[in-house]
Amino acid sequence: MKEIFSCLIALITICIIINKWLNKKQNLQIKYNCSWVVVTGSTGGLGSALVQKLLRSNLNVIAVDYCADKLSQIPNNSQNKLVALQFDFGSDLSTFACKFDKFLLSNNIDRQSVGVCFSNAGIGEFNKFDATSFESKRQYMQINFNSHLAVSDYFTKLFLSRSHDKKHKSALIFTSSSAVYAPCPYFSLYHTSKTAVTSLAVALSTEYRKNIDILVVHPSGFAKSNFMYQQRMKPLYDFVVKTRNYGNKPLKQLTPDLIINRMLSRIGKLNCVLIGKGTKTNAIFQSIFGRNVTGYVWSCFKTLDKVFE
Ligand SMILES: NC(=O)c1ccc[n+]([C@@H]2O[C@H](COP(=O)([O-])OP(=O)(O)OC[C@H]3O[C@@H](n4cnc5c(N)ncnc54)[C@H](OP(=O)(O)O)[C@@H]3O)[C@@H](O)[C@H]2O)c1
């Protein structure tokens with residue numbers, strides 16, 4: 001009995017120590033020897049909070065997004081620099097590298113001073129798979145997955161050159177979603193694109209462990225986001241508004257700040273982070289019961305059918 005008690009105390013102590021270490025704040029500027037950080041999807045809910053947090057932490061920010069008007073309205077109340085690159089991930093992605101290089105040149109930014117990139121842009125899609133055209137699906141996957149591919153193609157090369165020339169480590173952080181663990185009806189493209197983002201991030205982290213810290217975060221639904229207001233989410237948004245659930249119920253348990261704190265404290269320590277009860281429950285369910293049972297259970301989830309009735 002005494003031994004069991006001692007083991008329990010030791011286990012709890014180890015958990016507390018690991019938890020403290022995981023939550024310890026890190027200074028990205030010092031950790032990655034950089035003065036510039038890139039954020040894609042920088043005018044959205046999570047992206048804009050991230051930009052403000054980074055500016056306050058003594059870093060200069062390159063904000064990437066497709067709406068020039070919104071980019072010009074990002075506030076900067078800090079001493080640090082904020083520059084904006086207008087790029088539409090729905091356009092020809094093969095031009096991203098060239099445009100980013102030109103942008104750095106025209107803003108007198110040394111490539112080697114860019115040490116961290118948050119690949120965060122993303123949109124939702126809630127629709128019947130058979131209700132949209134192939135072109136619509138291709139375009140969606142381009143924005144929600146190929147954009148991350150283009151960004152990681154550019155930044156792994158840049159970050160490897162930093163590692164070889166200056167012996168500096170860099171960081172690449174992806175925003176995925178709890179949807180990876182929830183293959184639910186009508187979200188098939190979102191689930192697929194985010195699963196691909198997660199797989200890419202984890203696979204890259206095994207290839208570049210020594211040179212680049214790679215992290216992928218999986219938040220469940222969070223507040224202060226435009227996600228539900230996007231065009232491709234309209235069927236669900238209309239339904240939720242119709243049934244008066246939206247706005248009345250505090251559906252969102254997470255805030256962008258909590259997600260950002262996880263990103264900034266976990267980078268370099270973990271490769272994959274689950275954030276929120278929804279993500280953790282779905283991930284545990286899938287790992288215990290496997291994809292067959294998970295898929296079957298989600299196929300019985302009939303509430304969402306009402307959206308299209
Ligand atoms: N909200 C949630 O509950 C939730 C949960 C899990 C994961 N996520 C993920 O978190 C990330 C951030 O989403 P969010 O909630 O902050 O949503 P959001 O407010 O809609 O932000 C999405 C960002 O991506 C940008 N974007 C969209 N299409 C683009 C394009 N073609 N080219 C360039 N930029 C484009 C948006 O630009 P505009 O502002 O100009 O539209 C916006 O800045 C996304 O990857 C999302 O999938 C969200």
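**Exercise 1. In this predicted model, work out how many residues of strand 5 are buried and what that says about the strand's surroundings.**

Step 1. Take the two sides of strand 5 in turn: Ser 170, Leu 172 and Phe 174 lie on one side, Ala 171, Ile 173 and Thr 175 lie on the other, and all of these residues are buried, which leaves both faces covered.

Step 2. This division into two sides rests on a general pattern, since in a regular strand the side chains alternate between the two faces of the sheet.

Step 3. Six of the six residues of strand 5 are buried, and the strand is therefore largely enclosed by the rest of the structure.

**Exercise 2. Find which strands pair with strand 5, and in what sense, and then follow how the chain connects them.**

Step 1. Begin with strand 4 (residues 114–119), which pairs with strand 5 in the parallel sense over four bridges, and note that Cys 117 stands opposite Leu 172 of strand 5.

Step 2. Add the helix to this pair: strand 4, helix 6 and strand 5 together make a β-α-β unit that is right-handed.

Step 3. Turn to strand 6, which also pairs with strand 5 in the parallel sense, here over six bridges, and in which Ile 212 is the bridge partner of Ser 170. From strand 5 the chain crosses through helix 7 to strand 6, and this β-α-β crossover is right-handed.

**Exercise 3. Describe the surroundings of Ser 170, and decide whether this residue is buried or exposed.**

Step 1. Ser 170 is found in strand 5, and its relative accessible area of 0% is below the 20% limit for a buried residue, so Ser 170 counts as buried.

Step 2. Leaving aside neighbours within four places in sequence, the residues in contact with Ser 170 include Tyr 32, Gly 115, Phe 159 and Asp 213.

Step 3. Arg 162 is also in contact with Ser 170, and the side chains of these two residues are joined by a polar contact of 2.9 Å.

**Exercise 4. Compare the span of helix 7 with its expected value, and say which elements its buried residues pack against.**

Step 1. Helix 7 (residues 188–207) has 20 residues and reaches 29 Å from its first C-alpha to its last, which is close to the 28 Å expected at 1.5 Å a residue.

Step 2. The buried residues of helix 7, among them Leu 189, Tyr 190, Val 197, Leu 200 and Leu 204, pack against helix 6 (134–166), strand 5 (170–175) and strand 6 (212–219).

**Exercise 5. Identify the residues closest to the ligand, and give the distances from ligand oxygen atoms to Gly 41, Gly 45 and Ser 225.**

Step 1. The ligand is surrounded by 32 residues, of which the closest are Gly 45, Asp 65, Tyr 190, Ser 225 and Gln 230.

Step 2. On the backbone side, an N or O atom of Gly 45 lies 2.8 Å from an oxygen atom of the ligand, while for a backbone N or O atom of Gly 41 the distance to a ligand oxygen atom is 3.2 Å.

Step 3. For Ser 225, an N or O atom in the side chain is 2.6 Å from an oxygen atom of the ligand.

**Exercise 6. Locate Tyr 186 and Lys 224, and state the phi value and the exposure of each.**

Step 1. As background, most residues other than glycine have a negative phi.

Step 2. Tyr 186, in the loop between strand 5 and helix 7, has a positive phi of about 70° although it is not a glycine, and at 18% relative accessibility Tyr 186 counts as buried.

Step 3. Lys 224, in the loop between strand 6 and helix 8 (234–242), has a positive phi of about 60° and is not a glycine either, but with a relative accessible area of 68% Lys 224 is exposed.

Notes: Residues numbered from 1 in each chain as written. Predicted model: local features only at pLDDT ≥ 70, side-chain atom pairs only at ≥ 80, totals over all residues. Heavy atoms only, no water. Expected span 1.5 Å × (residues − 1). Buried < 20%, exposed > 50% of the residue type's maximum accessible area, 1.4 Å probe, protein only. Contact = heavy atoms within 4.5 Å. Pairing = 2+ DSSP bridges. Right-handed = clockwise from strand over helix to strand, strands pointing away. Near = heavy atom within 4 Å. Polar contact = N/O pair within 3.5 Å; in protein donor to acceptor, adjacent residues only side chain to side chain.
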